[in-house]
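This report walks through two ligand sites, a sheet and a few single residues. Keep the structure open while reading.

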Amino acid sequence: MVFKVLSGNGAQAEAARLARVQVIAAYPITPQTTIVEALAEMVASGELKAQYVKVESEHSALQVCLSASALGARTYSATSSQGLLLMHELLHWASGQRTPMVLGVVNRAVAPPWNIGADHADTMSQRDTGWIQFYPESNQEVLDTVLTAYRLVEDPEIRLPAMVTEDAFYLSHTFEPVDVPDPETVDRFLPPKDARAILRPGVVSRLGSFTGPDHYVGFRHQVAEAMDRVLPKLQEVESEYARRIGRVLGGPLVGYRTEDADAVLLTLGTTSTTARGVVDDLRSSGRKVGMAKLRVFRPFPVEAVRQLARTVGRIGVLDRSFTFGALGPAASEVRSALYGIPSPPSVTSFLSGIGGRDVGPQDLRRVFEALLVSEAPGPRWMDLETSGEVAAHG
Amino acid sequence: MAKLTIPRQELMYSGHAACPGCGPALAMRLLLKGLGPRTVVSVPASCWTVIATPYPTTALGVGMLDNAIEATGASISGLRAAADALGLGDLNVVGFAGDGGTADIGLQSLSGMLERGTDALYVMYDNEAYMNTGVQRSSATPQGAWTTTTPVAGEARGKLEPKKDIMAIVLAHHPVYAATLNPSFPEDFVRKVEKARERKGPRFFHVYAACPPGWRYDSDQTIELGRLATYAGIFPLYEVEMGRLRITRRMGQLKPVEEYLKAQGRFRHFSPEEVQQVQEQARARWDDLLARERAANPPERAAVPGEPASPALPPPVAGEALGRT
Ligand SMILES: Cc1ncc(C[n+]2csc(CCOP(=O)(O)OP(=O)(O)O)c2C)c(N)n1
Ligand code: SF4
Ligand SMILES: [Mg+2]
């Protein structure tokens, strides 16, 4: 075990190295570039024995990983924003063809206008593609999540692709000490990929195919069932990780001071750390608040959210993107998860940090204060309420 | 009697779902005969998605990976990378895509694969339109041809634009081997497949693939039509190896194109002037090939005193030297 000072992007690359990925394909986009540069160095120096396919687009990057995974290789790619959107059709192919893989996604705003700041619109708009989605809050969690994601997605009962996201710049370009497990320990946790792929040389097989309505629904249902197995399997994988590597990841929804709380704020990604600090502050002045980090957005942890809702009167959901014509995407999910439970809490949709807006303690204090006095459903665009200050700060 | 050079082994099964007389079906059959069983084929959305038959059956005796219509080049880069990573160096990695999936929506992916020097064979079967979706024009549709999106009605006389020259595009990437193939010439076809199989690096086939319903002719004429296509200079057969062009089916005299055009409903509206135009293009195409062949293989020149010796050929453009993926 060694501590390295790594950015979130560095943590992605370290994790891919430790996972001994065999095929890498990627196309550069800010703020993902340092991931693929680091991997290029590792491959060039011989530190990582992998085929690195330098493709002409993200679309091809994903297809390279897809086809390589279909033949049995462990693959890695990383992208962001526009790149992820360009992959859209193939995201469906990856889940439908049951090709396990891990994709690092640096969450960045979607154009127009061009903006490279942190924003979840890119991954949220891909939530229906059959990919597992993780939203870590620290560089350590990025590394740990990538490693557990490989173990999870390659499980024969899962065989689905996963995205491990990081907030642009707040993680991707911010350095912090990361405890990097030694390769032998990781090897024991994550053995080489079982290469018994459907597609094999000398074997008559077809992966993809076409079907009429008679079989098609069966294939879709299999993907749905695999998704349903993800959270129980994740629990197993995370226990194994804790046992071997010594770090507890906490499952899909990680609560903090939620017991006896009047109001709980759900967060995704880096706002979680800030929210935890604000909860402590407010608690010390007698306000009964808590927070819960939504680590996994797909599959949505319905049971965990319901469990939380049993003891809480008000839930706020802090989204870093908006679903036009609806609410913040996580807020919509929370509402639908709570439908039909006896005496449900109110659910308020808050939007903050859009397009890289900083979400500081004062912003979250405002969110909690609003949550404590009102059950209004929202959406509340918190960034707009503070735009004067931001402009004044230049 | 000459010895048959076509391997007996069938790696495409009967019971496939192609129309009678389907050129793309013949192309696949001959291709797999030449490649053998250690082959994986990546196939985008196209008629071949359907020809290969629906789940849970398959028409191929090798592994087949379906891929998105625009992604075949990337798919074979991925298959190759995985094969190399997994120690399956002897695996024949093949992309088998239509003209639409190659020359239109998949052109970027093809270019990427060629430029990266992927060690794989990309086959474009050219039925000169989007057949799977019902005979819409592609950039490979010949000038003047009728398709459902280039109708012949009123002033409109089929496709306005000339056929895209996919071989020129491919050759600009300097692949190790590129060739035109026609299932009506099976020996030539299989010989080129076997040759390509032995090469390392990016390889490309442009395959003539007649389509009776799309071209509007009777399905028992596919082989005959293919012969006419080559004999009339519509689809000459040649190969380009390390930059050197060689014609593989030599004709003393080109047949008139008229017979070829007359045989197909998609050209039925052609006026004598339009036929003449195609004739001139065929002539020019053939002359150009002859000239390129001569340029690639100049006759030995006797040294004339006082003149510099015949210039050395430029080194062949070697895909071999490119990085592999
Ligand atoms: C992104 C996308 N656009 C359109 C289609 C619809 N589509 C399926 S096959 C096809 C035509 C393919 O033409 P070609 O590659 O020439 O193959 P052919 O059908 O002629 O065998 C089209 C347009 C698709 N599957 N995917
Ligand atoms: S439409 Fe043409 S290319 Fe498609 S299966 Fe029928 S004959 Fe073959
Ligand atoms: Mg076609």
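By class, how many nonpolar, polar and charged residues does the shell around ligand 2 have? The shell has eight nonpolar residues, one polar residue and no charged ones. Keep in mind that this is a predicted model.

**Ligand 2**

The residues around ligand 2 come from chain B: B:Cys19, B:Cys22, B:Pro24, B:Cys47, B:Ile51, B:Asn127, B:Cys211, B:Pro212 and B:Pro213. Two helices of chain B, H2 (47-51) and H8 (212-215), each supply at least two residues of this shell.

**Ligand 1**

Ligand 1 has 18 residues around it. Those that come nearest are B:Asp99, B:Gly100, B:Gly101, B:Tyr125 and B:Asn132. The surrounding residues belong to chains A and B, so the site is shared between chains.

Backbone atoms of chain B also approach oxygen atoms of ligand 1. The table lists three such pairs.

| Backbone N or O atom of | Partner | Distance |
|---|---|---|
| B:Cys47 | an oxygen atom of ligand 1 | 2.9 Å |
| B:Gly101 | an oxygen atom of ligand 1 | 2.7 Å |
| B:Asn132 | an oxygen atom of ligand 1 | 2.7 Å |

B:Cys47 appears at both sites. This residue is in the shell around ligand 2, and its backbone has an N or O atom 2.9 Å from an oxygen atom of ligand 1.

**The sheet**

Strands of a sheet pair through backbone hydrogen bonds, in a parallel or an antiparallel sense. Here, nine strands make up an open sheet with mixed pairing. Their order is E9(A)-E2(B)-E1(B)-E3(B)-E4(B)-E8(B)-E7(B)-E9(B)-E10(B). Which strands stand at the edges? They are E9 (205-207) of chain A and E10 (244-247) of chain B. Each has a single partner strand, so one side of each is left without a neighbour in the sheet. From one strand to the next, the twist averages 15°.

One pairing in detail: E7 (residues 177-181) and E8 (residues 203-208), both of chain B, run in the parallel sense over five bridges. In this pair, B:Leu181 is opposite B:Val207 of E8(B).

**B:Ser42**

Strand E1 (residues 39-44) of chain B holds B:Ser42. Is B:Ser42 buried or exposed? B:Ser42 is buried, because its relative accessible area is 0%, and the cut-off for buried is under 20%. Its side chain makes a polar contact of 2.6 Å with the side chain of B:Asn67. Another polar contact, also 2.6 Å, joins its side chain to that of B:Ser75. Beyond four places in sequence, B:Ser42 touches several residues, including B:Leu65, B:Thr72, B:Ile76, B:Leu79, B:Val94, B:Gly95 and B:Phe96.

**A:Ala26 and helix H12(A)**

A:Ala26 lies in strand E2 (residues 23-26) of chain A. With 6% relative accessibility, A:Ala26 counts as buried. Leaving out residues up to four places away in sequence, A:Ala26 touches A:Gln32, A:Val36, A:Tyr52, A:Val53, A:Val55, A:Ala61, A:Ser77 and A:Ala78.

How far apart are the C-alpha atoms of A:Ala26 and A:Ala331? They are separated by 32 Å, and the two residues are 305 residues apart along the chain.

A:Ala331 is one of the buried residues of H12(A). The others are A:Pro329, A:Ala330, A:Glu333, A:Val334, A:Ala337 and A:Leu338. Seven of the 10 residues of helix H12 (residues 329-338) are buried, so the helix is largely enclosed by the rest of the structure. Just after H12(A) comes A:Gly340, with a positive phi of about 90°.

Terms used. Residues are numbered from 1 along each chain as its sequence is written. Chains are lettered from A and ligands numbered from 1 in the order in which they are written. This is a predicted model: local features need pLDDT of at least 70, side-chain atom pairs count only at pLDDT 80 or more; totals for chains, interfaces and linings use all residues. Side-chain values use heavy atoms; hydrogens and water are left out. A residue is near a molecule or strand if one of its heavy atoms lies within 4 Å of it. Helices (H or I, at least four residues) and strands (E, at least two) are DSSP runs, numbered from the N terminus. Ala, Val, Leu, Ile, Met, Phe, Trp, Tyr, Cys and Pro count as nonpolar, Asp, Glu, Lys and Arg as charged, and the others, Gly among them, as polar. Buried means under 20% relative accessible area, exposed over 50%, partly exposed in between (1.4 Å probe, protein chains only). Contact means heavy atoms within 4.5 Å. Two strands pair if DSSP finds at least two bridges between them. Axes are lines fitted to C-alpha atoms, for helices over the stretch in contact, and angles run from 0 to 180 degrees between N-to-C directions. A polar contact is a pair of N or O atoms within 3.5 Å; within protein, one must be able to donate a hydrogen and the other to accept it, and residues adjacent in sequence count only if both atoms are side-chain atoms.
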